[in-house]
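Trainee: I should like to understand how the terms applied to this model are justified. May we set each one against its definition?

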Amino acid sequence: MKSLSLLFLLTGVCALAQPPAAPTTPAAPRRPVGTVIVPALEKPANAGPRTEQDMGGYLMVYFKDQTHSAYFAISRDGYTFTDVNGGDPVFDGTQLAEQKGVRDPHIARGPDGAFYLAMTDLHIFGDRAGHRTTRWQRPEEQYGWGNNRALVLMKSWDLIHWSHSIFRVDLAFPGLGDIDCSWAPQTTYDPVADKMVVYFTIRYGNKHANIYWAHADEAFTKLVTVPKKIPEIGGIDADLTLVDGTWHMFYVAGAKIRYASSDRLADGYTTTPDRIDPEAVDTEAPNIFKRTGTHTYVLMYDVYGARPNNMGFSETEDFKTFRHLGRFNEGVMKGTNFERPKHGAVIPITLNELRAVAAHWQVDIKLD
């Protein structure tokens with residue numbers, strides 16, 4: 001999730017090589033975000049599982065370094081995506097995070113039909129933006145690049161009204177010790193425990209980064225079990241997908257996308273040695289989504305080593321062989337009204353949900 005000009009150490013952990021240029025101030029005022037933070041969510045009468053047959057479109061969430069805020073883009077076919085707010089955020093990082101900035105947004109749907117959004121609470125330009133007086137919250141020589149300890153957890157039934165929680169991992173679980181950071185949270189459903197799981201990167205000693213997991217409460221405001229490390233995986237930015245009894249994990253080590261699989265969520269992973277993505281530059285933030293009505297899965301990843309940065313895509317049916325689809329607007333994948341998205345995630349949504357989002361943000365997109 002670090003991105004920018006980073007040097008990866010042998011462990012796959014990154015350290016900042018050169019500070020990026022300060023973000024420029026937008027020339028025009030932003031549009032209203034269009035999302036609403038509510039103190040409590042009301043469960044709708046039609047809540048419940050959604051099937052693949054219900055799906056009629058796709059939603060992508062992503063962020064940008066310039067704003068440290070999160071964005072939505074929608075698609076009918078899973079190839080061409082349109083930003084819902086004309087390229088402006090739908091979540092203002094200054095309103096959501098302890099550090100006044102969010103990164104690495106990930107969205108998932110639970111078996112209850114609700115949407116679960118998790119983000120890193122981190123502003124890498126916090127001093128330049130006036131949110132703090134030091135480059136990082138804590139000394140860089142001890143805690144390294146981007147040290148932070150909070151996650152942003154949000155839940156919604158309609159993609160417009162959202163609950164919101166800032167969850168400090170270190171304060172909730174002091175037994176974890178003096179962690180450097182908690183990065184890139186993602187959410188999935190644990191069918192064994194019948195609970196939602198949040199898994200994310202924890203780094204120690206400015207060099208040891210691994211993937212940890214914990215169960216979340218039903219309201220998705222906190223983690224309710226002590227985060228445990230997934231063994232055999234040394235890396236960051238994990239993405240977990242359960243397909244026919246096998247957990248497929250994509251993660252990052254050495255600034256490359258790697259793959260592992262297991263029949264259990266929390267352990268037993270077998271890793272493969274080869275780089276999965278076809279890029280020659282640094283990549284991170286893998287995310288898998290299924291093309292509705294097919295056996296094809298799309299692997300999306302952040303090509304942060306490209307200049308300018310972009311998202312790259314590959315397709316697979318067997319999680320062994322991958323077809324390169326290129327990057328946004330350099331192949332079959334298109335972004336119509338936005339550029340330079342970072343660390344995104346895509347999920348299928350129903351046609352009614354797609355229509356509701358398009359109507360709410362007044363998006364000009366063909367839906368029939």
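Trainee: How many residues of each class does the lining of the largest pocket have?

Mentor: By class, that lining has 19 nonpolar, eight polar and six charged residues. Nonpolar covers Ala, Val, Leu, Ile, Met, Phe, Trp, Tyr, Cys and Pro, charged covers Asp, Glu, Lys and Arg, and polar covers the others, Gly among them. This is a predicted model, in which local features need pLDDT of at least 70 and side-chain atom pairs count only at pLDDT 80 or more, while totals for chains, interfaces and linings use all residues. Residues are numbered from 1 along each chain as its sequence is written, and side-chain values use heavy atoms, without hydrogens and water.

Trainee: What makes a space a pocket, and what makes a residue part of its lining?

Mentor: On a 1 Å grid over the protein atoms alone, a cavity is a set of points where a 1.4 Å probe fits but cannot get out, whereas a pocket is an open set with protein on both sides within 12 Å along at least five of seven lines; lining residues have an atom within 4 Å of a point. By that rule the largest pocket is lined by 33 residues, with Arg109, Thr188, Thr241, Leu242 and Pro348 nearest its centre.

Trainee: Which strand gives the most to this lining?

Mentor: Strand 15 does, with five residues. Strands are DSSP runs (E, at least two residues), numbered from the N terminus.

Trainee: Why is Thr188 called buried?

Mentor: Buried means under 20% relative accessible area, exposed over 50%, and partly exposed in between (1.4 Å probe, protein chains only). Thr188 has 13% relative accessibility, and therefore counts as buried. Thr188 lies in strand 11, and among the residues it touches are Lys195, Tyr199 and Trp247; contact means heavy atoms within 4.5 Å.

Trainee: How do you know that strand 9 and strand 10 pair?

Mentor: Two strands pair if DSSP finds at least two bridges between them. Strand 9 (residues 150-156) and strand 10 have seven bridges, in the antiparallel sense, and therefore pair. Met154 has His164 of strand 10 as its bridge partner. Strand 3 (residues 36-37) and strand 10 pair in the parallel sense over two bridges.

Trainee: What makes strand 23 and strand 24 edge strands?

Mentor: The open sheet of five strands has the order 23-6-5-4-24, with mixed pairing. Strand 23 (334-335) and strand 24 each have a single partner strand, so one side of each is left without a neighbour in the sheet. Strand 23 pairs with strand 6 (residues 80-83) in the parallel sense over two bridges.

Conventions: Helix = DSSP H or I, 4+ residues; strand = E, 2+ residues; numbered from the N terminus. Lists of a residue's contacts leave out its neighbours within four places in sequence.
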